[in-house]
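Dear colleague,

Please find the structure below. My notes on a strand pairing and on a pocket follow it.

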Amino acid sequence: MSQRPPILLDCDPGHDDAFAMLLAGATANLIAVTTVSGNVGLASTTRNANVVREVGALDVPIYAGAARPLAGEPLHAPDIHGDSGLDGPTLPTPSREIEATPAVEAILRYTREVDGLWLVPTGPLTNIAHALRVDPTLVDRIAGISLMGGSRTFGNTTPAAEFNILADPEAAHVVFSSGANIIMAGLDLTHQFRLGWDEIDAFRALNSKVGVFAADLLTFFMERYEARSGMPSAPMHDPCAVMAVTHPELFETERLNVSVERYGEHTRGMTLCDTRELHHRQEANATVLTRIDREAAFNHLLGALTSYTAEA
Ligand code: BDR
Ligand code: CA
């Protein structure tokens, strides 16, 4: 299936969020972008979404959302994304304004107006949780929620927890217990989609505004991961949540029960996936992506970026 499903991208750009936005702009029907505090503060993630819209000349409205998680203090990741949240490329000054409507209001409205809408959160789940709290029936109006977050195995921000879930475990709990059709792209999946120098060269060779932007983004992102892991490659997390909607044939999946740990001293923010033998398992509440066809996924991402004109 390669069609253009309607997507609302809820993001915290963020290098890989920027790729997710450009990918969705080229391969999905990108209805709206909403922003949330995450990799950097809300003002920066919102400006960065606007920068990406400018680079890609995307005709999509952007709405600013939550500046704080449901509980506790905001968590950021400048060690991976730099102080701006999009360090690396030269960032243009956006020519368009952000919408005045708050993100949660926009999310609720689009779920009413757009048939078959996919919510694709690639940051902390705060906005989606707020929307679900205001109107839990929204799950009946959407096609589903395809999110990047969590893991079946290891964490990245702590040994147990992935960044997006740890940044707002209470919100993640609201989402995973909402009854929505949930697809989870966790770390054990996104770490199969690592990109390095060969892919940077391929983006740069596009010789377009978007290609150079993508190459500069990935260079910074990869060098930050290399400093941590010693490997000259970076996991391209967030585009996986988009591709799970636009190109599900790229993935192997498993139906699992996923619960969000909120209280553990060492395990807060962990997504506990019930992988026990089938007849012991709790009822599944998510489709968990387990394997990705890396080559096909990269060709798909490259093809998407190729579709932007030289000047975008
Ligand atoms: C997630 O955290 C962020 O740093 C990335 O943008 C991605 O959404 C990976 O843990
Ligand atoms: Ca993100």
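Strand E11 and its partners

Ile-183 stands opposite Thr-287, a residue of E11. The model is a predicted one, in which local features need pLDDT of at least 70 and side-chain atom pairs count only at pLDDT 80 or more, while totals for chains, interfaces and linings use all residues. Residues are numbered from 1 along each chain as its sequence is written, chains are lettered from A and ligands numbered from 1 in the order in which they are written, and side-chain values use heavy atoms, with hydrogens and water left out.

Strands are DSSP runs of E with at least two residues, helices are runs of H or I with at least four, and both are numbered from the N terminus. Two strands pair if DSSP finds at least two bridges between them. Strand E6 (residues 182-185) runs parallel to E11, with 2 bridges joining them. Strand E9 (residues 251-260) is antiparallel to E11, over 6 bridges; there, Leu-256 has Ala-286 of E11 as its bridge partner. Of the 7 residues of E11 (residues 286-292), 6 are buried (under 20% relative accessible area, 1.4 Å probe, protein chains only), so the strand is largely enclosed by the rest of the structure.

The largest pocket

A pocket is an open set of points on a 1 Å grid over the protein atoms alone, where a 1.4 Å probe fits, with protein on both sides within 12 Å along at least five of seven lines; lining residues have an atom within 4 Å of a point. The largest pocket has a volume (the space filled by probe spheres set on the points) of about 230 Å³. Its lining has 20 residues, and Asn-39, Ala-77, His-81, Asn-156 and Phe-163 are the closest to the centre. H3 gives the largest share of the lining, 3 residues.

Kind regards

Methods: Buried < 20%, exposed > 50% of the residue type's maximum accessible area, 1.4 Å probe, protein only.
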